[in-house]
Amino acid sequence: MPSDVTPSSDHSPQRDLSHIFRLLRFTLIVTIAVIAIWLLGDVLTVIFAATLVAVVLHGLARALRRKFPIPYQLAVGLVALIVLLAIVALVYFSGPQIGDQFMRLKQALITQAGDLKGRLGQSSWGQFALDHLPSSLGGNESSSNSSSIFGTGLASSVTGILSSAFGLLGTIAVVLIAGLYFAMSPALYVDGTLRLVPPGHRPLVRKLLLAAGATLWSWTIGQAFDMLVVGLASGIGLTIIGVPLALALGVVAGLCNFIPYIGAILGAVPAILIALSDGTREGLTVAGLYAVIQFLEGNVLAPFIQRHAVHMPPALAILSQTVFGSILGIPGLILASPLTAALLVVGDKATAPLDDDIRVGSDVGETCEPEAEKKKYA
């Protein structure tokens, strides 16, 4: 009997030390990741945006190869060429009209924002709201930290040079070119990433990377379809109502819908401001139009899309936009949803599912209690 007790007493401290070591290692990894995001957030944003472009090109190339048995690199090149020609055709045929409407939309919004600020300043509650709104939103509150929304990391100097030299178009060009190279040889970069992982963990990391890529593809395609439907519905509805600049406003609504939940509000605000120039009734009509479109999008279109993509809880989506937006600025707000979708599927694949007796649905009243549990509490 003593020989049976001694090994357990000897191994117990080892198990405790092993548990402490794993906990410390996990804490260290999380800390390094947070510091890296904080210091290199701008660079990581560009890398993730390029990865998203690569995932889209890769998915379209694979779809093309299912129809035509051609080499993979040729398929990627053809997809990139088709997308480029489509953009050039859109700019050539509709660019002048869209550009003119956007310039008129900008001037109209500036005028309407000034008029709205003047009307708000005539009432006490309106003046209170203006005093507590930051100047970037048309308010009177000056914020010394307004520039921090774009990130103050170590890499901001690098991206600052890039922005000053090339501007927004240069940054977009870098993302597109890097995404094209990623898509041309995805195995090269994925295999290179796996070589940085200890051999024992490589199968799991490979599984997680492939799952994240598949999720990004499904999310992006679903969101593109969602943007197209919302943009068309908004443009057609505004045209029927008779709101000026309906084409530009429909494009704005579609583009803003790339950001779930918050984007719906951002896309509706310009149209409502323009409609208010014709009267309160027109503004309320446009607000009702956008409410109907978002209701149909959330209850008809979104469930159809989520059957083929990862389901993202609304609270988590909004919180992720807040977190990434505060750390990475506007690019973080835009890319928060696809990044969160990828992280969700990675967490789902990396962790074991909960047993039925561990789930809390019945305890919080969300689901019905089993009959045995009902009898026990009766």
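Ile-35, Ile-37, Trp-38, Leu-39, Leu-40, Val-43, Leu-44 and Ile-47 make up a nonpolar surface patch with about 640 Å² of accessible area together. A patch gathers residues with over 30% relative accessible area and no salt bridge, joining like charges within 9 Å and nonpolar side chains (Val, Leu, Ile, Met, Phe, Trp, Tyr) within 5 Å. A salt bridge here is a side-chain nitrogen of Lys or Arg within 4 Å of a carboxyl oxygen of Asp or Glu. Areas follow the Shrake-Rupley method with a 1.4 Å probe, and for residues only the protein chains shown count as cover. Helix H1 (2-39) and H2 are the elements that give two or more residues to the patch. H1 supplies the largest share, four residues. Helices (H or I, at least four residues) and strands (E, at least two) are DSSP runs numbered from the N terminus.

The model is predicted, so local features need pLDDT of at least 70 and side-chain atom pairs count only at pLDDT 80 or more, while totals for chains, interfaces and linings use all residues. Residues are numbered from 1 along each chain as its sequence is written, and side-chain values use heavy atoms, with hydrogens and water left out.

Ile-37 shows the patch from the H1 side. Ile-37 is partly exposed, at 32% relative accessible area. The classes are buried (under 20%), exposed (over 50%) and partly exposed in between, with a 1.4 Å probe and protein chains only. Now step into helix H2 (residues 41-67), which holds Thr-45. Is Thr-45 buried or exposed? Thr-45 is buried, because its relative accessible area is 10%. Beyond its neighbours within four places in sequence, Thr-45 is in contact with Leu-328, Pro-331 and Leu-335. Contact means heavy atoms within 4.5 Å.

Next comes the interior. The largest nonpolar core has 19 residues, and Leu-105, Leu-238, Val-243, Leu-249, Ala-271, Val-286 and Tyr-290 touch the most other members. H7, H8, H9 and helix H10 (280-306) each give two or more residues to this core. Which element gives the most? H8 does, with six residues. Such a core is a set of buried Ala, Val, Leu, Ile, Met, Phe, Trp, Tyr and Cys residues joined through side-chain atoms within 4.5 Å. Val-286 is in contact with Leu-238, Val-243, Ala-271, Ile-272 and Ala-275, leaving aside neighbours within four places in sequence. A second, separate core has 16 residues, among them Ala-49, Ala-212, Phe-258 and Met-312.

H8 itself is mostly covered, with eight of its 11 residues buried. The buried ones are Ala-246, Ala-248, Leu-249, Gly-250, Val-252, Ala-253, Gly-254 and Cys-256.

Two loop residues flank this part of the chain. Leu-245 sits in the loop between helix H7 (202-241) and helix H8 (246-256). Its phi is near 60°, a positive value in a residue other than glycine. Most residues other than glycine have a negative phi. Leu-245 counts as buried, since its relative accessibility is 9%. Tyr-261 lies in the loop between H8 and helix H9 (262-276). The phi of Tyr-261 is also positive, near 70°. Tyr-261, however, is partly exposed, at 39% relative accessible area.

H7 holds a charged residue worth a look, Asp-226. Asp-226 counts as buried because its relative accessibility is 1%. Outside its neighbours within four places in sequence, Asp-226 is in contact with Asn-257, Glu-297, Leu-301 and Ile-305.

H9 leads back to an earlier part of the chain through Leu-273. Leu-273 is buried, at 16% relative accessibility. The C-alpha atoms of Leu-273 and Ala-113 are 7.7 Å apart, although 160 residues separate them along the chain. Leu-273 touches Leu-109, Gln-112 and Leu-116, not counting residues up to four places away in sequence.

Last, confidence. The protein averages a pLDDT of 78, and 79% of the residues score at least 70. pLDDT is the predictor's confidence in each residue, from 0 to 100. Confidence is highest in helix H6 (residues 186-195), at 91, and lowest in helix H13 (residues 371-377), at a mean of 47. Over residues 372-378 the pLDDT is below 50, and this stretch has two contacts in the model beyond near neighbours in sequence. Residues 144-165 also stay under 50, with 25 contacts beyond four places in sequence. Where pLDDT is low, the predicted coordinates should not be read in detail.
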